[in-house]
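Trainee: Could we go through this model together and check the labels against their cut-offs?
Mentor: Gladly, ask away.

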Amino acid sequence: MNNNNRFSIGEFSEKTGIPIPTLHYYDEIGLLRPEKNPSSGHRIYNYQDIIILQKILSLKFLGYSLDEIKNLLNKSSFTVDLNESLSLHFQALEKEKKRIEQSMKSINRVIRLIEEEGTVDSNLILNLIHSMRTEHIQEEWMDRHMLTDFKDVMEELEKKSEEEKFPLDKTIYQVSKEVKQLYGKPVEDPKVQRMIKNYVEEYFSFLGEDLMQKLADKKIEGEVDMQELENMTPSPFTEDEQKWFDQAMEYYIQQEETE
């Protein structure tokens, strides 16, 4: 078409890079309504539609929904309300950015673990991924319950590099495998206690003396349902395996205290 700066939907799509189905949808919801050919009913776009589309894409880039964009397009000027709205969108984007960065780090940790192990148990590796995913959820839980004393500990744990976190990831995976293999043996069995010892030592090594001391000094005040926090931390074990593991851990601690 392209007569006097008028475009068919195909030409407009090619010019703007917006897929034809998207233009159809924008028309249907009243976001971008071009003229219609009176005889054929075909859509006819012009340069004013390009300007409107640029506004749509700009607001979409800022994170607004199509409904919000539709309302904003009808405004001839913006007030302080937009500034407040932009601030909220910025906070939401910051949160999403943090989530994406965490996901990328978790993926790298899992890739490395699979590379080193060769073959991994799907249930155990998925549980480990889920554990990584809930790290920020546990931090939000502490914020919600005003456990500010633990905030500095959580922040220090977050600062640890992938290189520092990987040995613990590997140990958790190995212990998860060993529990499946050793479950049912007496908790005082040397193999069971060796497994617990490796787990404890790696965990303490990961935390370091300073963090261990900080955790020892922390006190929880008021009524807080710690079971809720524990439920956020996924276990790769069945209920019976978890009880057996806890008993093996208690036996290990008792033996350490007597030495």
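Trainee: Why is F7 called buried?
Mentor: This is a predicted model, and in it F7 has a relative accessibility of 5%. Buried means under 20%, so F7 earns the label.

Trainee: And what makes Y47 partly exposed?
Mentor: Its computed relative accessibility is 38%. The label covers values between the 20% limit for buried and the 50% limit for exposed, so Y47 counts as partly exposed.

Trainee: How many aromatic pairs does the structure hold?
Mentor: There are six.

Trainee: Why is the pair of F7 and Y47 called edge-to-face?
Mentor: Look at two values: the ring centres are 5.6 Å apart and the planes stand at 85°. Centres within 6.5 Å make a pair, and planes over 60 degrees apart count as edge-to-face, so both conditions are met for F7 and Y47.

Trainee: What makes this a link between distant parts of the chain?
Mentor: F7 belongs to strand β1 and Y47 to helix α3 (residues 47-61), with their positions 40 residues apart in the numbering.

Trainee: How do you know that F12 and Y45 are stacked?
Mentor: Their rings are 4.2 Å apart centre to centre, with 10° between the planes. Stacked requires planes under 30 degrees apart, so the name fits F12 and Y45. This pair also links distant parts of the chain: F12 is in helix α1 (residues 9-16) and Y45 in strand β3, 33 residues apart. Both residues are buried.

Trainee: Which residues form the aromatic cluster?
Mentor: Y199, Y203, F237 and F245 form one cluster.

Trainee: How do you know that R112 lies over the face of F166?
Mentor: R112 is at 4.0 Å from the ring centre of F166. The distance limit is 6 Å, joined to an angle limit of 35 degrees from the ring normal; R112 is listed as lying over the face.

Trainee: What makes β2 and β3 a strand pair?
Mentor: Two bridges join β2 to β3 (residues 43-46), and the strands run antiparallel. Pairing needs at least two bridges, so these strands qualify. In one of the bridges, E35 has I44 of β3 as its partner.

Trainee: And in what order do the strands of the open sheet come?
Mentor: The order is β1-β3-β2, with antiparallel pairing.

Trainee: Why are β1 and β2 said to stand at the edges?
Mentor: β1 (6-7) and β2 (35-36) each have a single partner strand, so one side of each lacks a neighbour in the sheet.

Key
Residues are numbered from 1 along each chain as its sequence is written. This is a predicted model: local features need pLDDT of at least 70, side-chain atom pairs count only at pLDDT 80 or more; totals for chains, interfaces and linings use all residues. Side-chain values use heavy atoms; hydrogens and water are left out. Helices (H or I, at least four residues) and strands (E, at least two) are DSSP runs, numbered from the N terminus. Buried means under 20% relative accessible area, exposed over 50%, partly exposed in between (1.4 Å probe, protein chains only).
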